[in-house]
Amino acid sequence: MKLAAWNVNSLKVRLPQLLDWLAREQPDAVCLQETKVEDRNFPSQAIEHSGYRAVFSGQKTYNGVAILARESPQAVEHGIGGFIDPQKRVISATVNDVRLVCAYVPNGQSLDSDKYRYKLDWLKAFSSWLDAESKKQARIAVLGDFNIAPEDRDVHDPKAWQGQVLCSPAERAAFQELIGIGFKDSFRLFDQPEKSFSWWDYRMNAFQRKMGLRIDHVLLSDGLARDCKSSRIDIEMRRNERPSDHAPVIAVF
DNA sequence: ATGGCTATGTAGCATAGA
């Protein structure tokens, strides 16, 4: 099974690129973040034309998540169970007997921001909910924009980013809590090039200068991780005209 | 160098992203 996560930063703008990419990569399922589109405006028709079924949870301007799959996603659930959140950041569904959790973790803005507090609270709720989910269903993949660079090697300039949002000890601890539940960071199951990143700032020619962060991840439960054949970041998508600032992350098992 | 770039909502800029 081929799975991917991609923060499209506006599905409306990125739709042509997404359709090209689906035709080329032919994943079984892809989890999208930052669709920034209300459900009534979701481009279901174009996506179905490409041979995919979509389930989605969106809002105007911000956030928004979707799961696209060749097979119709089953048992769709919105949000984090037991956690009230008006922001549309999580959608889950079963595809090919695998439970897919598509997540857009809050950014946090900066350590002194209310949004940082919200991010940590959100991550706490997310991990306790996933812990419970993983006891109900063994085959789970958590895919999305985690807005956390787990280690210094996931950061182009660890000194400059030390302690900053996306890299702070509390955020990294929250990521390790997910690993503690039994999830594996699929990307690190394999040898990878140095300076492998999934996001580059639009400004300052950051992509060309390899100034990025690896903050988008595909986490696999133990059994899926054991069967994982490959994981990579499709950085070619960042070379497109009008690219998303994030590249897709792909895992095959 | 606290800027820079992109997208959205909405009609000249404000907000957010990471």
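**View 1. L123, a buried residue of helix α3.** L123 counts as buried because it has 24 C-beta neighbours inside 10 Å. (A residue is buried if 20 or more other C-beta atoms lie within 10 Å of its own, exposed if 12 or fewer, and partly exposed in between, with C-beta atoms placed from the backbone.) This is a predicted model, in which local features need pLDDT of at least 70 and side-chain atom pairs count only at pLDDT 80 or more, while totals for chains, interfaces and linings use all residues. Residues are numbered from 1 along each chain as its sequence is written, while chains are lettered from A and ligands numbered from 1 in the order in which they are written. L123 sits in helix α3. (Helices, H or I with at least four residues, and strands, E with at least two, are DSSP runs numbered from the N terminus.) Leaving aside residues up to four places away in sequence, L123 touches V105 and A174; contact here means C-beta atoms, placed from the backbone, within 7 Å. P106 is 17 residues from L123 along the chain, and their C-alpha atoms are separated by 8.6 Å.

**View 2. Helix α3 and what covers it.** Helix α3 takes in residues 114-136, 23 residues in total, and reaches 33 Å from its first C-alpha to its last, close to the 33 Å expected. (The expected span is 1.5 Å times one less than the number of residues.) Besides L123, the buried residues of α3 are K119, W122, F126, S127 and L130. Among the elements that cover them are β7, β8 (140-145) and α5 (169-181).

**View 3. Helix α1 and its bend.** How far apart are the end C-alpha atoms of α1? They are only 18 Å apart, although the 15 residues of this helix (11-25) would reach 21 Å if it were straight. α1 bends by about 35° at Q17, the bend being the angle between axes fitted to the seven residues ending there and the seven starting there. Look for L11, R14, L18 and W21, which are buried. β2 (29-33) is part of what covers the buried residues of α1. Just after the helix comes Q26, with a positive phi near 45°.

**View 4. The sheet around strand β12.** Six strands make up an open sheet in the order β5-β6-β7-β8-β12-β9, with mixed pairing. Its edge strands are β5 (74-78) and β9 (184-185), each pairing on one side only. (Two strands pair if DSSP finds at least two bridges between them.) Follow β12 (residues 216-220) and you'll find five of its five residues buried. D216, V218 and L220 point one way, H217 and L219 the other. β12 runs antiparallel to β8, with five bridges between them, and H217 is the bridge partner of G144. With β9, β12 pairs in the antiparallel sense over two bridges, and here K184 stands opposite L220. Elsewhere in the sheet, β6 (90-95) and β7 (98-104) are antiparallel and joined by six bridges, with A93 opposite L100.

**View 5. Strand β13, with two unlike faces.** In a regular strand the side chains alternate between the two faces of the sheet. Along β13 (residues 230-233), S231 and I233 point to one face and are buried, while S230 and R232 point to the other and are not. β13 is joined to β14 (249-252) by four bridges in an antiparallel run, and I233 faces V249 there.

**View 6. Two loop residues with a positive phi.** Most residues other than glycine have a negative phi. N63 is not a glycine, yet its phi is positive, near 60°; look for it in the loop between β3 (53-57) and β4 (65-69). Is N63 buried or exposed? N63 counts as buried because it has 20 C-beta neighbours inside 10 Å. Q109, in the loop between β7 and α3, also isn't a glycine and has a positive phi of about 60°. Q109 is partly exposed because 13 other C-beta atoms lie within 10 Å.

**View 7. The surroundings of DNA strand B.** How many residues surround DNA strand B? There are 22, and the closest are S10, K60, N107, Y202 and R203. (A residue is near the strand if its C-beta atom, placed from the backbone, lies within 6 Å of it.) By class, this surface has seven nonpolar, seven polar and eight charged residues. (Ala, Val, Leu, Ile, Met, Phe, Trp, Tyr, Cys and Pro count as nonpolar, Asp, Glu, Lys and Arg as charged, and the others, Gly among them, as polar.)

Key: Two residues are in contact if their C-beta atoms, placed from the backbone, lie within 7 Å.
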